Every structure is written in C-alpha cells, then in structure tokens.
Amino acid sequence: MKRRFPVWAPDAEVVTLVVSAGSGRVNRDLERQDGGWWALPAPLADPDHPVDYGFSIDGGPARPDPRSRRQPNGVHELSREFDPDAYDWHDDAWAGRDLVGAVIYELHLGTFTPEGTLDAAAGRLDHLVELGVDAIELLPVNAFNGTHNWGYDGVLWYAVHEPYGGPEAYQRFVDACHARGIAVIQDVVYNHLGPSGNYLPEFGPYFSGATVGVWGDAPNLDGPQSDEVRRYIIDNALYWLRDMHVDGLRLDAVHAFHDGRATHILEELAQEVDALSETVGRPLALIAESDQNDPKLVRPRREHGYGLTGQWDDDVHHALHVNLTGETTGYYADFAGLGSLVKVFERGWFHDGTYSSFRERHHGRPLDPGTEFSRLVAFSQDHDQIGNRAAGDRLTATLSEGALGAAAAIVLLGPFTPMLFMGEEWGATTPWQFFTSHPEKELGEATARGRIAEFARMGWDPDAVPDPQDPATFERSRLDWAEVERADHARILAFYRELTALRRTVPVDAPAVDIGADPESGTFAFSRGDLRVVAALGHGEAAASANGVVAAAFGGDVETASGREGEVTLRFLGPGVVVLRD
C-alpha cells in the first residue's frame, strides 16, 4: 500500500489525516494536490499493519474515508486500511461466464442462512449447484448503519458490511463460487445514499440538490465538479469487478439517475467495464434495473445506445402475477387477462408505448427489432415484488403447488434470462418483509410511516404492515432450511431441478414461438427449441393438446393421455404445467 491516504475535498481549506494510535489519535495535515485532491507528502512509514484512520475537514470531526474498504466499527467510526491484493485467490482457472441467458439466483446474505454471513452462505453453495444455478446475485453488501437491512441504505459503497464478514470474507465467497462454476453478480446502488452515516457532503459536491423520491439526494452527475463524482461511481464498479473478482453488477433503479450530459453515466460506465473485460480476459456484465422500458439501455453504443448487457423486465412478473393471483390493484391493473402474458412473450414488454393507468400516461417504447429477449431478466418473485407487499408474503401464501410449478416453468423455460429469489425453489413459506435496524429512534419511526404511505396506492391494509424496526420482522424473513427435507417442499425442489436441466437443452437465443392462450380454460402455451410448455393458470378444469413426449409435469391434478401421431391430450383439474419434447 502506498499509504499516502488520498482524498477528494475540493472546497476544503485544511484536510487532516486522523490515525488511531494506541489509546489516542495522531493528526497529520495533508497537502493539496491537483484536481481538488489531498494526500500526505510522503507515505506513512509506520506502523506496518493496517491502521484505523479518517479525515477532518477544516477542523471538523474525523469522518470515514469516502472510499473506505473496511468499517470494522460501523459507518460513523474510523475506516481501516484494507489491501484487496493481499488475498490469495484460487480462481486462476475461472474464465468467467456469459450471464445472458444464465439462471440467476437472487440472495440476501442476512436472511439466506441462520448465521447471515458470507462464510455461511458459501456453505450452501452445493445446494445451488444441484439446483442448476449459473450466477448468484447478492443484494447490496455496502456498509450501512445498524445490523440488518435490505442493503439499499448503504453509505460507504466500497466497504463490505462488517456483520456479513467484511471484505476478506467477501473474497472467500467469490472464490468459493468460482470453484463451483458459479458467477457472482453484485447489486450496487448509485442513485442515492442511505440516511445515516452519509458524510460525503462534508467532503465535496457529491450531490446535485435533486431528490430521488423518498430515498434521498441524487448524486451530482452533471453539475459543477461532477467529473470526480462520476469517477467515484465508476471506480467503485471497477473495484468490485477487478479487485473482488465479481462477474457482473446489477445497477439499482437507473431511471432515478439525473444526468443531462451528452455521454450518460451508464454509457461511460459500460465503456470502462468493457475495457476492463478485455484486460482481465473474462466477460463482465452490467444489468440495469429500470422501470422505463427503454431499449436504449441494451442498444449497442454504435447505434447510440448505452451498451449494457441486460435489464430487468418487471412486465413479465406483473403479467404472470396477475394471471396467477387475480390481483389487479395498483400497477397490476393493466395486466388483467392472459393477453398480457402473450404480449410479453411476443414483444418483451407489455408497456411499449401503451397507456399505463397507474402512471396516468403512456409508458415505454418497443424493443429494437432483433433484440434477443435473453437481454431481459424475468422472474415470478424477487426481493421487491415480495418485500414491497404489505405482509412480505411469497406466492406460496396464496398459490397451490401446481400454480407454483406453472410459474417456475414459464420463467425457467421462457426466452428471457430467468432469475429465482432465494427459497422459491422449494416453495419457502417464510415471508420476506421490509426490515431495518436504524439506531436513531426518529429515523426508525419515519421509516415505518413511510412504508405505510407507500402502500396506500396499492390498496393494502396499513394494519397489515409489520414494523420494519421490530427485530421479529427480520427474524421472520430468514429462510427455514428445515423445510427442504419435507416431502411437499422436496417435490417442488425436484421439479425446479428438472426445469433447469431442461433449460440447458435449449439454445440461449431460441425465441418463444407458437405462443397462445385460451382465456376460457386459462391455459397458456409456448414452444422453445424442441420443448412445448403448456400451463393451466386458472382454478377450473382445462383441456389442451400438443405433440411430443412428456418431459416433465407438475401439479397434483394433471392427467396426460397419448393419442395418434404423437398427440398428447392434457387434462388439468387445477393449476399445473406439462412440458413436452418433440
């Protein structure tokens, strides 16, 4: 380590390095450098072990390093030096993985295992290998105030939340994933910082003055001195991909970026990540979460797009959820009827310039011709669509086994890049609720009030909303791994494994064809490669016919009978699914 402790503070008059020394602290003034940077005139010579340090701006209190790699005592305390190059990696043979079309598994570290740590999660990797997972997507791990949180309240983007195990545990986890052939995608939040421990404004103009909904201030991407703010974001992305050996980033809510520059931050980020990919010799992915249904995100840069690898497709979720549950409140209103499911399979998005009753305006635009649907990430459940429900209830709370199987087959065998949410593969019954652990009483109360207000437009009962600050809300959200051993859950898990195996027999770029639906019977069907998927989503009897040999079937009330010339007659007495092979 060079140990000159550089920091960007362009408007400061004096910047002092504060180093912990025994029972006290030692102060050393930094020298002004070019571009608003400050650093020690010579490297710190002693001690020869990592020190705890911070910065005082113009005589103010010591604050953590904005680029801190480690916060062992929380986000309000001094940072600790961490050298990512000191780790002895064992993934030299890892050539990376193309994440387009991969089976992604979304995972929250704090609730995935009873221990809630990276090392404990690594102990469950064999389960994911057997499931057929290609990539794990970790919800944000950046340092936040408190012990548990979804992760979107992070304030130090380079530091791994210490209760998860800190940065070395993170490296061990990535190493263990690569050893088993699993890629790692890190969810990163660049559109705002959390409410507690955000000291960036004391260092410089990191924020624009605009707000990102209820989340907080938006980063300064296009105002005066915004070059270094953009560099802060891009360097963070490169840190995860280069120094922590991550394979891709999920970019949270990119529609919340306020960037009026000719070169958007997403385009600039994609350029630098593509360059890094060439340097390290493995594919690196950027997958955006956006609710704008804008094809520019995945459009190639040579065609004036941003050139990202992929983007989330909430419309698939909404169409599937409405046709499985019958819910049509809030943003679900436009998705009533099987026609919505047919449309997303035919066009990728439902709202592609159509009127959105929830937004009270037209929304989205069509995908560019020739765009493969594998550039869109689809799911039947994810952290938002479960956790942002009043009670945080999964589909298992309302759907039969057959309906769960139908949802799984549509997602895993469809033309999109499929994503599973932890525990859905065995029909987990534990909820996944919104939980926080803000030490500040006022902040905790404000968060609880805000959640109730958010649910008003969805028509949910405010009395059903659990208190996010109650530790029991967090405890209820932990997965119960004992469920895997029970017969009903084991049956669902076995079907998920069948589906991922079948998916591997179909080319990633194979489109969905022969898409059809029968509103009277509630059946939906499509073909990909040599597979034909026929799903009954209604609650009454349904009949259908298709050609082929039954490759998989799920649902206690599914009957099949072979006829002439390879025709199979299907009879559903309730929700279920049959997969046939030509």
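**Close-up views of a predicted model**

**View 1. Phenylalanine 5 is placed in the segment before β1 (7-8).** The model shown here and in the views below is predicted. Although phenylalanine 5 is not a glycine, its phi is positive, at about 55°. The residue has a relative accessible area of 6% and is therefore buried, the limit for that class being under 20%.

**View 2. Alanine 253 occupies the loop between β15 (248-251) and α7 (265-280).** This residue has a positive phi of about 40° without being a glycine. Its relative accessibility is 2%, so alanine 253 counts as buried.

**View 3. Histidine 108 sits in the loop between β8 (104-107) and α1 (109-112).** With a relative accessible area of 1%, histidine 108 is buried. Its side chain makes a polar contact of 2.9 Å with the side chain of threonine 111. A polar atom of the histidine 108 side chain also lies 2.9 Å from the backbone oxygen of asparagine 149. Beyond four places in sequence, the residues touched by histidine 108 are Leu139, Asn149, Trp150, Tyr164, Met422, Trp432 and Phe435. Histidine 383 is 275 residues away from histidine 108 in sequence, while the two C-alpha atoms are 8.5 Å apart in space.

**View 4. Asparagine 149 belongs to the loop between β10 (142-143) and β11 (156-160).** Asparagine 149 is buried, at 3% relative accessibility. Which side chain makes a polar contact with the side chain of asparagine 149? The partner is aspartate 153, at 3.1 Å. With neighbours within four places in sequence set aside, asparagine 149 is in contact with His108, Phe144, Tyr164, Phe435, Thr436 and His438.

**View 5. Glutamate 483 is buried but has no salt bridge.** This residue lies in the loop between α13 (471-476) and α14 (487-503). The nearest side chain of opposite charge is that of arginine 486, 4.6 Å away; a salt bridge would require a nitrogen-to-oxygen distance within 4 Å. Residues up to four places away in sequence aside, glutamate 483 touches Trp426, Ala428, Thr429, Thr430 and His489.

**View 6. Aspartate 235 and arginine 67 form a salt bridge.** The closest N and O atoms of this pair are 3.1 Å apart. Aspartate 235 is part of helix α6 (residues 226-243) and arginine 67 is in the loop between β6 and β7, so the salt bridge ties together parts 168 residues apart in sequence. Arginine 67 counts as buried, at 18% relative accessibility.

**View 7. Glutamate 162 and arginine 70 meet in a salt bridge of 2.7 Å, N to O.** The pair links distant parts of the chain, 92 residues apart: glutamate 162 is in the loop between β11 and α4 (166-179), and arginine 70 in the loop between β6 and β7. Glutamate 162 is buried, at 19% relative accessibility, whereas arginine 70 is partly exposed, at 24% relative accessible area.

**View 8. Aspartate 187 and arginine 250 are joined by a salt bridge of 3.1 Å, N to O.** Aspartate 187 lies in strand β12 (residues 183-188) and arginine 250 in strand β15, so parts of the chain 63 residues apart in sequence are tied together. Relative accessibility is 2% for aspartate 187, which counts as buried. Arginine 250 is likewise buried, with a value of 0%. Elsewhere, salt bridges that share partners join Arg67, Arg231, Asp235 and Glu272 into one network. The count of salt bridges comes to 33.

**View 9. Four strands form an open antiparallel sheet in the order β3-β2-β6-β7.** At the edges stand β3 (24-29) and β7 (79-80); each has a single partner strand, so one side of each lacks a neighbour in the sheet. Two bridges pair strand β6 (residues 52-57) with β7 in the antiparallel sense. Aspartate 52 has arginine 80, in β7, as its bridge partner.

**View 10. Leucine 249 is among the residues with the most contacts inside the largest nonpolar core.** That core has 155 residues, and the others with the most contacts inside it are Tyr170, Tyr190, Trp240, Leu341, Phe345 and Phe524. Apart from this core lies another, of 13 residues, including Ala102, Ile185, Ile287 and Met419. Outside its neighbours within four places in sequence, leucine 249 is in contact with Ile185, Gln186, Val188, Tyr190, Ala237, Trp240, Leu241, Ala285, Leu286 and Ile287.

Terms used: Residues are numbered from 1 along each chain as its sequence is written. This is a predicted model: local features need pLDDT of at least 70, side-chain atom pairs count only at pLDDT 80 or more; totals for chains, interfaces and linings use all residues. Side-chain values use heavy atoms; hydrogens and water are left out. Buried means under 20% relative accessible area, exposed over 50%, partly exposed in between (1.4 Å probe, protein chains only). Lys and Arg count as positive and Asp and Glu as negative; His and the chain ends are not counted. Contact means heavy atoms within 4.5 Å. A polar contact is a pair of N or O atoms within 3.5 Å; within protein, one must be able to donate a hydrogen and the other to accept it, and residues adjacent in sequence count only if both atoms are side-chain atoms. A nonpolar core is a set of buried Ala, Val, Leu, Ile, Met, Phe, Trp, Tyr and Cys residues joined through side-chain atoms within 4.5 Å. Two strands pair if DSSP finds at least two bridges between them.
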